[in-house]
2 protein chains.
Amino acid sequence: MYKSALFSGFEVSNVNKLVRCLGVKFKNCNTNEIIMSYKESPEYLYVVLSGTAELATYDYDGNKTVLERFMQDSIFGDMFFKPLGADEFSVFATSSCEVMYFRYYDAINICENVCKEHKRFLDNLFMIMSKKLLAQSRHIEILTKRTIREKLINYLEHIEAESGSFSFLLPMSLSSLADYLSIDRSAMQREIKHLNDEGIIISKGKKITLIKK
Amino acid sequence: MYKSALFSGFEVSNVNKLVRCLGVKFKNCNTNEIIMSYKESPEYLYVVLSGTAELATYDYDGNKTVLERFMQDSIFGDMFFKPLGADEFSVFATSSCEVMYFRYYDAINICENVCKEHKRFLDNLFMIMSKKLLAQSRHIEILTKRTIREKLINYLEHIEAESGSFSFLLPMSLSSLADYLSIDRSAMQREIKHLNDEGIIISKGKKITLIKK
DNA sequence: AAAAAAATGTTGCATTTGCAACAAAAAAGT
DNA sequence: ACTTTTTTGTTGCAAATGCAACATTTTTTT
C-alpha cells in the first residue's frame with residue numbers, strides 16, 4: 001500500500017496516521033470476485049493498490065461487456081460512472097487484487113487542522129484524477145477515428161511516443177487491443193496484415209516496429 | 001464569473017480575495033479566436049466562465065477535426081490533453097467566450113494559512129473534474145458500441161434519463177450528434193428513419209420520443 | 001510432460017457503413 | 001425582407017467491417 005501513487009512522498013508512519021484520520025478501508029479480492037457494484041448510494045472512492053480489475057456487466061445471455069480496466073493506481077467509484085437502466089454493473093477482480101477505499105467527501109472536506117499529509121494526499125489524488133482524464137481523452141480520440149487503420153496507427157503512435165522507440169511490445173494482447181479500439185478482432189488482424197504488406201509496420205504477434213518513410 | 005461552479009458557495013468578496021491569492025487571470029475571446037494552444041510548457045488550468053469553445057486541429061488540407069467541446073464550467077489545460085506528433089492543437093472560441101486560468105500547481109499547493117475559501121475552491125474543482133470524468137466515461141461507453149443503432153439508442157436513453165421524459169429535444173444539432181457519436185451523418189439519418197419505421201422512436205428533426213414496448 | 005485453455009492468424013461472405021451528390025427546409029446574417 | 005449559410009433529409013453505390021468458422025500457435029493449468 002505504501003507504493004501507491006496516492007502516498008507518494010509520504011513517510012510510512014504518516015501513511016498510517018492519514019489512513020486512520022480518513023477512515024480508509026481495505027479489501028482483498030481473488031480473481032473473479034466482485035469488488036463493488038454500482039448501485040450503493042454512499043460515495044466511496046476506490047483505489048487499486050495491486051492487481052487488476054475490470055468494470056463489466058453481463059446481459060441476459062451471459063455475454064460480458066467490459067467498460068473499463070483497472071490496474072495499480074486506477075480509481076473508480078460512484079462519481080465516475082453511473083449505470084443506465086436496470087443492468088447491474090460491477091467491478092470484478094481479474095487477478096488477485098488489493099484495493100483501498102474511503103468516502104470521497106471525507107477526503108475533500110479534510111479536518112480543520114490541515115496537516116502537510118492531507119495536503120499531499122489531495123495533491124496526489126488530483127494527479128491521479130488528471131492522469132485518468134488524460135487517459136480517457138486519448139481513448140476518446142482513438143475511438144473517434146473512423147477507420148480501423150486510423151485507430152490502429154493512432155494507438156501505435158501513442159505507444160511509440162510513450163516507449164520512445166519505433167520498436168515495442170504491445171502492453172496487452174491483440175484481442176484486448178481489439179476491445180480497446182472497439183473493433184472486430186479478425187478485422188483488426190486483417191488490417192495489421194495490410195500494414196505489413198504495405199511496409200508501414202513490421203509485426204509478429206505483439207512485437208511491432210513502426211516504419212517511418 | 002461569480003456564477004461559475006468553481007465559486008459556488010462563495011461570497012462575492014471572498015471570490016475577489018481568492019482570485020488575488022491564486023493569481024487568477026482572465027481572458028475574453030471573440031468567435032474563432034484562439035484561447036490557448038497545446039504547446040506551452042507552463043501548466044495552466046482553464047475554466048470556461050461563459051460562452052463556448054472547442055479543442056480542434058487543422059490538417060494540411062485545412063480540414064478541421066474537433067476533439068472536444070467546452071461550455072460553462074468546462075475545464076481544459078495541458079494536463080488533460082497532450083498532442084501527438086507535430087500537429088498544432090488549439091482551443092478556439094466558438095462564441096464570445098470568457099475564461100479564467102491559473103497555475104495548476106498554485107491551486108493545489110495552496111498557502112500555509114489554508115482558509116475556508118481555499119478548501120471550498122478545491123472542493124469545487126474536484127467536483128468539476130469528477131463531472132468531466134463521468135461525461136468522458138459516458139462518451140467512451142457510447143463510442144464503444146459497435147453499431148450506429150446501438151450508439152444512437154444508448155445516447156437517446158441517456159438523454160431520456162437526464163430529462164426524465166420519453167419526449168425531448170436534442171441538446172445539439174443532428175450534425176453535431178453524428179460527430180459526437182463519430183458516425184457518418186447520412187448513415188445516422190438513415191438509421192433514425194429505420195427506427196421511426198420500426199416504431200422504436202417517433203422523431204422530427206431534433207424532437208424525439210422514445211417508444212417503450 | 002501432457003492436456004486444456006487462450007490467443008493468434010486466416011478467409012469467404014453478408015451486412016453495415018461511409019461517401020458523394022443532391023434537394024429542401026430552417027436558421028442566421030445583412 | 002432578402003440573401004446566404006447551415007442543417008436536415010434522401011439515395012445509389014463502393015468499400016470497409018463484422019461475423020462465422022477454422023487451423024495453428026502460444027500460454028496456462030494439471
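A polar side-chain atom of B:Ser186 lies 3.2 Å from a base nitrogen of DNA strand C. That is one contact in a predicted model. A second base contact on this strand involves chain A: a side-chain N or O atom of A:Arg185 is 3.1 Å from a base oxygen of DNA strand C. The backbone of the strand is touched too. A polar backbone atom of A:Ser175 sits 3.1 Å from a phosphate oxygen of DNA strand C.

Step back to the whole surface around this strand. DNA strand C is surrounded by 18 residues. The closest are A:Leu174, A:Gln189, A:Lys193, A:Gly205 and B:Ile148. Look at the DNA side of the same surface. Of the atoms of DNA strand C that come within 4 Å of the protein, 52% belong to sugar and phosphate.

Which helices supply at least two residues each to the surface near DNA strand C? They are helix H5 (174-181) and H6 of chain A, together with H6 of chain B. H6(A) gives the most, with five residues. By class, the surface near DNA strand C holds seven charged, seven polar and four nonpolar residues.

Now turn to DNA strand D. Here 18 residues lie around the strand, and A:Thr147, A:Ile148, B:Leu174, B:Gln189 and B:Lys193 come nearest. Sugar and phosphate make up 54% of the atoms of DNA strand D that come within 4 Å of the protein.

Several phosphate contacts on DNA strand D come from chain B. The side chain of B:Gln189 places an N or O atom 2.7 Å from a phosphate oxygen of DNA strand D. B:Leu174 uses its backbone: an N or O atom there lies 2.9 Å from a phosphate oxygen of the strand. B:Gly205 also uses its backbone, with a polar atom 3.0 Å from a phosphate oxygen of DNA strand D.

Which element gives the largest share of the surface near DNA strand D? It is H6(B), with five residues. Helix H6 (185-197) of chain A, and helix H5 (174-181) and helix H6 (185-197) of chain B, each supply at least two residues of this surface. Its classes are four nonpolar, seven polar and seven charged residues.

Next, the relation between the two protein chains. A rotation of 180° superposes chain A on chain B, with 0.0 Å of shift along the axis and an RMSD of 0.1 Å. The two copies are therefore related as by a two-fold rotation axis. The same surface serves both copies, since 100% of the contact residues of chain A recur in chain B.

How many residues of chain A are in contact with chain B? The count is 37, and they meet 37 residues of chain B. The size of an interface is often given as the accessible area lost when the parts come together. Chain A and chain B bury about 3,900 Å² between them. Carbon and sulfur atoms carry 65% of that area. A:Leu84, A:Phe126 and A:Leu133 supply 19% of the area that chain A buries against chain B, more than any other three residues.

The polar side of this interface can be counted as well. Nine residue pairs are in polar contact between chain A and chain B, both residues at pLDDT 80 or more. Salt bridges between the two chains number zero.

Which parts of chain A build the side that touches chain B? Strand E5 (64-70), helix H2 (104-108), helix H3 (116-143) and helix H4 (148-163) each supply at least two residues. H3(A) gives the most, with 18 residues. By class, this side of chain A has 18 nonpolar, nine polar and ten charged residues.

Salt bridges do occur elsewhere. The structure holds twelve over all chains. One of them joins the side chains of A:Arg69 and A:Glu54, at 3.4 Å from N to O. A:Arg69 lies in strand E5 of chain A and A:Glu54 in strand E4 (residues 53-58), so the pair ties together parts that are 15 residues apart in sequence.

Terms used:
Residues numbered from 1 in each chain as written. Chains lettered and ligands numbered in written order. Predicted model: local features only at pLDDT ≥ 70, side-chain atom pairs only at ≥ 80, totals over all residues. Heavy atoms only, no water. Least-squares fit on C-alpha atoms with pLDDT ≥ 70 in both. Contact = heavy atoms within 4.5 Å. Near = heavy atom within 4 Å. Polar contact = N/O pair within 3.5 Å; in protein donor to acceptor, adjacent residues only side chain to side chain. Helix = DSSP H or I, 4+ residues; strand = E, 2+ residues; numbered from the N terminus. Nonpolar A, V, L, I, M, F, W, Y, C, P; charged D, E, K, R; others polar. Buried area = accessible area lost by both parts, 1.4 Å probe. Salt bridge = Lys/Arg side-chain N within 4 Å of Asp/Glu carboxyl O.
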